[in-house]
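Notebook open, model loaded. I want to look up the pockets first, then the salt bridges, with one helix residue as a warm-up.

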Amino acid sequence: MGKLILAKEGVFPITKDGDGNLLPSAPATGMAFSGTIQGEGLLAGVPSLFIRLSGCNLQCMWRMDNNEFSGCDTAYASFHAKETIKYETEEIVNIVKHNLGNIRHVVITGGEPMLQKDGVAELCKGLNQIPDMHITMETNGTICDRDAVENIDLFSLSPKLLNSNPDAEKLAHFNLSDKPAIINHHQKQRVNITAIQGFIDFAKANNRRLQLKFVVGHAHEAEEISTQYLDKLTGFEPEQILVMPLGGTREHLAISAPIALQMAIANGWRYAPRIHIDLFDSKSGV
């Protein structure tokens with residue numbers, strides 16, 4: 001069996017291990033049962049379990065419209081991945097089975113799941129043996145692999161805009177001044193139109209759902225979304241384009257939400273809430 005490297009949360013929120021035994025502490029949600037809701041995108045509000053993989057090929061660092069900084073809200077699963085767990089894919093499937101209850105939606109997220117595409121392909125095959133299972137994969141859209149996407153029901157792509165690029169000031173703010181190579185690496189990896197088009201073509205040919213979810217914090221980014229992405233892509237529908245407010249805290253969302261809302265209405269796109277932040281603020285594992 002293959003193995004996957006998960007972030008510190010692993011499979012969450014859960015109350016039982018892979019053998020069905022009760023865990024010693026309640027999940028981060030504070031509820032006595034497994035599961036949370038999908039906070040973003042087309043399935044916002046749907047009860048779900050999450051599988052968070054470790055590692056990312058991007059190092060996103062944003063600047064808010066008021067010039068405050070906003071880092072990746074899951075940096076511990078991307079470029080600050082210090083706490084990881086290695087699981088056999090079969091064990092992950094067993095954990096999911098024991099914690100589903102009435103839930104039938106599982107979200108594979110990260111980090112960037114496609115960095116572990118072989119393990120993801122095997123995991124999805126196992127999960128699809130569970131009756132009525134629905135699998136969402138959240139990805140930055142820079143890597144597309146046919147085997148890994150074969151058993152995905154919803155592709156949630158979040159292509160990154162120019163504002164996500166690290167620079168010297170951002171690195172200093174996040175105590176990463178000793179890692180200048182991050183800047184060039186991120187800029188080179190950030191946009192892959194061929195990969196995004198691959199997801200769109202596969203979804204359309206195989207009757208799968210797809211969303212292009214852009215994190216926005218500045219009004220001028222509507223033009224960037226159009227010229228740098230949408231004008232170069234084919235086969236998508238306007239309702240598949242989502243704009244989501246920048247920020248990992250309620251305070252930051254209050255700044256960027258009006259910008260995203262106006263952008264969605266003006267362009268005929270969909271506004272994507274971040275319900276988990278509304279409910280839990282910046283808490284992880286929820």
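I take helices as DSSP runs of H or I with at least four residues and strands as E runs of at least two, numbered from the N terminus. The model I am reading is a predicted one.

**Entry: a helix residue**

I looked up Asn94 and found it in helix H1, residues 89–99. Is Asn94 buried or exposed, or something in between? I get 27% relative accessibility, so Asn94 goes down as partly exposed, given that buried means under 20% and exposed over 50%. I also checked Asn94 against Ala26: they sit 68 residues apart along the chain, and their C-alpha atoms are separated by 19 Å.

**Entry: the largest pocket**

How much space lies in the largest pocket? I noted about 850 Å³. I then pulled its lining, which comes to 47 residues. Glu40, Arg52, Asp73, Thr74 and Arg274 are the ones nearest the centre. Next I asked which elements give two or more residues to this lining. My list has strands S1 (3–12), S2 (36–37), S3 (47–53), S5 (69–71), S8 (134–139) and S10 (209–216), plus helix H9 (275–280). By residue class, I have 21 polar, 15 nonpolar and 11 charged in the lining of the largest pocket.

**Entry: the second largest pocket**

For the second largest pocket I wrote down a volume of about 300 Å³. Its lining has 18 residues, and Glu9, Val11, Phe12, Ile14 and Leu23 lie nearest the centre. Which elements supply at least two residues here? I found S1 and strand S6 (84–88), with S1 giving the largest share, 5 residues. The classes split into 11 nonpolar, 4 charged and 3 polar.

**Entry: salt bridges**

How many salt bridges does the count come to? I have 8, and I went through some of them.

Arg52 came up again, this time paired with Glu9, their closest N and O atoms being 2.4 Å apart. Arg52 belongs to strand S3 and Glu9 to strand S1, so this pair ties together parts 43 residues apart in sequence. I checked accessibility on both sides. Arg52 has a relative accessible area of 10%, so I log it as buried. Glu9 is buried as well, at 15%. Going back to my pocket notes, Arg52 is among the residues nearest the centre of the largest pocket, while Glu9 is among those nearest the centre of the second largest.

Next I looked at Lys213 and Glu40, whose side chains meet in a salt bridge at 3.1 Å, N to O. Lys213 is in strand S10 and Glu40 in the loop between S2 and S3, so the pair links parts that are 173 residues apart in sequence. I have both Lys213 and Glu40 down as buried.

Then I took Lys117 and Asp145, with their closest N and O atoms 4.0 Å apart. Lys117 lies in helix H2 (residues 117–127) and Asp145 in the loop between S8 and helix H3 (146–149), so parts 28 residues apart in sequence are tied together. Lys117 has a relative accessible area of 30% and therefore counts as partly exposed. Asp145 comes out at 17%, so I call it buried.

Last check of the day: which residues are joined into one network by salt bridges that share partners? I have Glu40, Lys213 and Arg274. Glu40 and Arg274 are also among the residues nearest the centre of the largest pocket.

Key. Residues numbered from 1 in each chain as written. Predicted model: local features only at pLDDT ≥ 70, side-chain atom pairs only at ≥ 80, totals over all residues. Heavy atoms only, no water. 1 Å grid on protein atoms, 1.4 Å probe; cavity = no way out; pocket = protein on both sides within 12 Å on 5 of 7 lines; lining within 4 Å. Points joined across faces, edges and corners; volume = space filled by probe spheres on them. Nonpolar A, V, L, I, M, F, W, Y, C, P; charged D, E, K, R; others polar. Buried < 20%, exposed > 50% of the residue type's maximum accessible area, 1.4 Å probe, protein only.
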